[in-house]
Amino acid sequence: MSSPPPEPEDRQNPRTRRHRLWFDTDVELRAARISDKHRTFPHTGSRPVRGSAPTSPLSAQLQINPESRNTMGNRIDGGELVARTLRQFGVEYAFGLHGGHLNSLLMGFRRNDITVIDTRHEAVAVNAADGYSRASGELGVAFATASAGFTNSLAGVGVAFADRIPLLVLTSSPPLRDAEMNEAQGILAQAAIAAPMTKWSHQVTTVEEIPRLVGLAIRKAFSDGGGPVLLDFPIDVLFTSIDEDTVVTGGGNRLAYPPAPSPAALHDALDLLHAAERPAIIAGQGALHTDGKLARFAETSGIPVFSEMGAHGVLPSDHPRYGFGALALGIAPYTELGAPDVVLLIGARTGVYTDARKGRIIPAAAKLIHVDPDSGEIGRILPTEVGITADVNETLSAFLADGRPWEPRTAWTEGVVQLIRYPRPYADNPVDLDGRIHPYHAMRELLRLLPERSHLIADGSDTTHWLDEVMHDGTLASGLGYGGYLVHMGIGFGLAIGRRVADPDSRPILLTGDGSFGFHSAEVDTMVRHKLPIITIVFNNAVWGSSIWGQQLYYGEEGVIASRLLDTDYDQVATGFGAHGERVKTLDELAGALERALRFNGPSVINVNVANVVDSFAAQVLDWTDDPDTTVVPYYTNIPKRK
């Protein structure tokens, strides 16, 4: 079988190539085609080019290795079928925690060169698969054993569901025969429990159908913007061996092309952007893997770009069209620049990160162009002038193909991207506050010290607020985390692990508060065992920062309940696991500690003493009013009292 011609360069990027997998099944050609610029597939020789779906027998499609069969003859068990099907879809890593139910699956992973990254908690395993997907644009795969393993994993599944991250979560359960027997690790209807927080959740009951159902799960994970899917495999389905000739392959391993924008929608959107006086682009996580298209469109059109929280890196930090976080747009109406009149929302949704209810980021008078692969998100909250149900990359390619010249808007563009650099009220505050470092000065110094193009993962609440104050002072390549739409603290360890696995040449920086560090500190052990040189920096103020602010602002000091922590030696926790640990007590010590961590050939934890200081975000968290007809609601928009 001869291979088809390679695709144009703009179609060969990690975010889009999953839609066009083509697998060579000729044995002689396979040996010569085991690598490409993205990945090496030892079993399949696959590469991301177009071609016909394979029509050879199952043994060729799944690359059956006779030495790995569990029984004599042409027989194969369920765990092996799962692993080989995943390998055919290009999966190289799986994150999880061992359980006896999964042994057949784990053996399948080993025989098919799928590397297992085992964590200390199933939620972190799913977070790591999530981080892998966010960093690479590819499918993340996690596994968890029955019952407690499954329930532990749900915290990670919920984050991925809210943030639309394509994951496949594999779980197991007791034998089908033992349904309603109150069997060990049974009772829970796992697929049913997971259904509300997944795009698709299904229990596999027939070994022969495994390749078809795994393929279907992967297709659903990438559909309509992406999200997690879950397959539950009863232990007998994983361990039972069947004749390979009875296996049902289903739709094969070639995924559909992503949807392109309609010509009419494209025309209307470009007309609005050309006519705008003060256009702006807000890009979300769906625009993190555009292979430079977003940057080229910003340069061609002259339109400034702002990122949704957790999507820092849609443009390089030093790009002249990049205005950093979208919250800066809320300042524009109070300056001579004025508010944006047209907003292109791409790879992002309306909601908390666009302050949709209050209209401080996307003004009510602005015309909204919304690009999203899920048509249900368009018009969900705000009126939309032009809605485009399409893939982000396909839409940007179409925008770039338009030949009309753009009128310069130099004053608007150059002015609005500088709004993030407004003077901070803390800049003149003392560095030392009662023997602890002011968090503003600690964060600003850290951003200046980090190596250029660092990948930062932010975890916590108070800590991420201080990061937003100084993000523009650094030269970061990306900034992920922030708890996502669930504002879920504790996900940083998993995201950092996944980030490093997706990019082995990177040195991720996990920035976390002391509260978030405590959720999964045992994952330092995971980093040590798997030789993941992640640097964790703990901002330690011995309180749950955002919690204590809200209590104090709403109730005064008597409202401070369950929000204080101990001044713990988190650096010593790290050394106990075999990592490098240091405590930083003064600002002058930070540079040396970071330098030693960067030199250390392994994971490090730097425990930084910071003061408990209320930042400017607290005023937004609690919008206090003395109006007797209004109920003040912390964290949300106040609610008028009913008459």
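**Exercise 1. Determine over which residues pLDDT stays under 50, and how the chain scores as a whole.**

Solution. In this predicted model, pLDDT stays under 50 over residues 1-72, a stretch for which the model nevertheless has 167 contacts beyond four places in sequence. Where pLDDT is low, the predicted coordinates should not be read in detail. Turning to the whole protein chain, the average pLDDT is 86, and 88% of the residues score at least 70.

**Exercise 2. Work out the strand order of the open sheet and identify its edge strands.**

Solution. The open sheet has six strands, and their order is 3-2-4-5-7-6, with parallel pairing. The edges are formed by strand 3 (115-118) and strand 6 (200-203), each of which pairs on one side only. Neighbouring strands of this sheet are turned against each other by 20° on average, direction ignored. Within the sheet, strand 4 (residues 140-144) and strand 5 (residues 167-173) run parallel and are joined by five bridges; Val-141 stands opposite Leu-168 in strand 5.

**Exercise 3. State which strands helix 5 and helix 6 touch or lie across, and derive how the two helices are oriented to each other.**

Solution. Begin with helix 5 (residues 122-136), which packs on the sheet and touches strand 2 (93-96), strand 4 and strand 5, its direction making about 170° with that of strand 4. Helix 6 (residues 148-163), in turn, lies across strand 4, strand 5 and strand 7 (228-234), and runs at about 160° to strand 7.

Next, take the two helices together: helix 5 and helix 6 pack at an angle of about 30°, with their axes 6 Å apart. Angles under 35 degrees count as roughly parallel, and helix 5 and helix 6 are therefore roughly parallel to each other. Their crossing is right-handed. Among the residues making the contact are Ala-123, Val-126 and Asp-130 of helix 5 and Gly-149, Gly-156 and Ala-160 of helix 6. By class, this contact of helix 5 with helix 6 has six nonpolar, five polar and four charged residues.

**Exercise 4. Apply the same reasoning to helix 11 and helix 12, giving their orientation, handedness and contact residues.**

Solution. Helix 11 (residues 293-301) and helix 12 (residues 392-401) pack at an angle of about 30°, and their axes are 10 Å apart; the two helices are therefore roughly parallel to each other. The crossing of helix 11 and helix 12 is left-handed. Helix 11 contributes Lys-293, Leu-294, Arg-296, Phe-297 and Thr-300 to the contact, while helix 12 contributes Asn-393, Leu-396, Ser-397, Phe-399 and Leu-400. Sorted by class, the residues of this contact divide into five nonpolar, three polar and two charged.

Definitions and conventions
Residues numbered from 1 in each chain as written. Predicted model: local features only at pLDDT ≥ 70, side-chain atom pairs only at ≥ 80, totals over all residues. Heavy atoms only, no water. Axes fitted to C-alpha atoms, helices over the stretch in contact; angles between N-to-C directions. Helix = DSSP H or I, 4+ residues; strand = E, 2+ residues; numbered from the N terminus. Parallel < 35°, antiparallel > 145°, perpendicular 65-115°, else oblique. Left-handed = near helix turned anticlockwise from the far one by under 90°. Contact = heavy atoms within 4.5 Å. Nonpolar A, V, L, I, M, F, W, Y, C, P; charged D, E, K, R; others polar. pLDDT = per-residue confidence, 0-100. Pairing = 2+ DSSP bridges.
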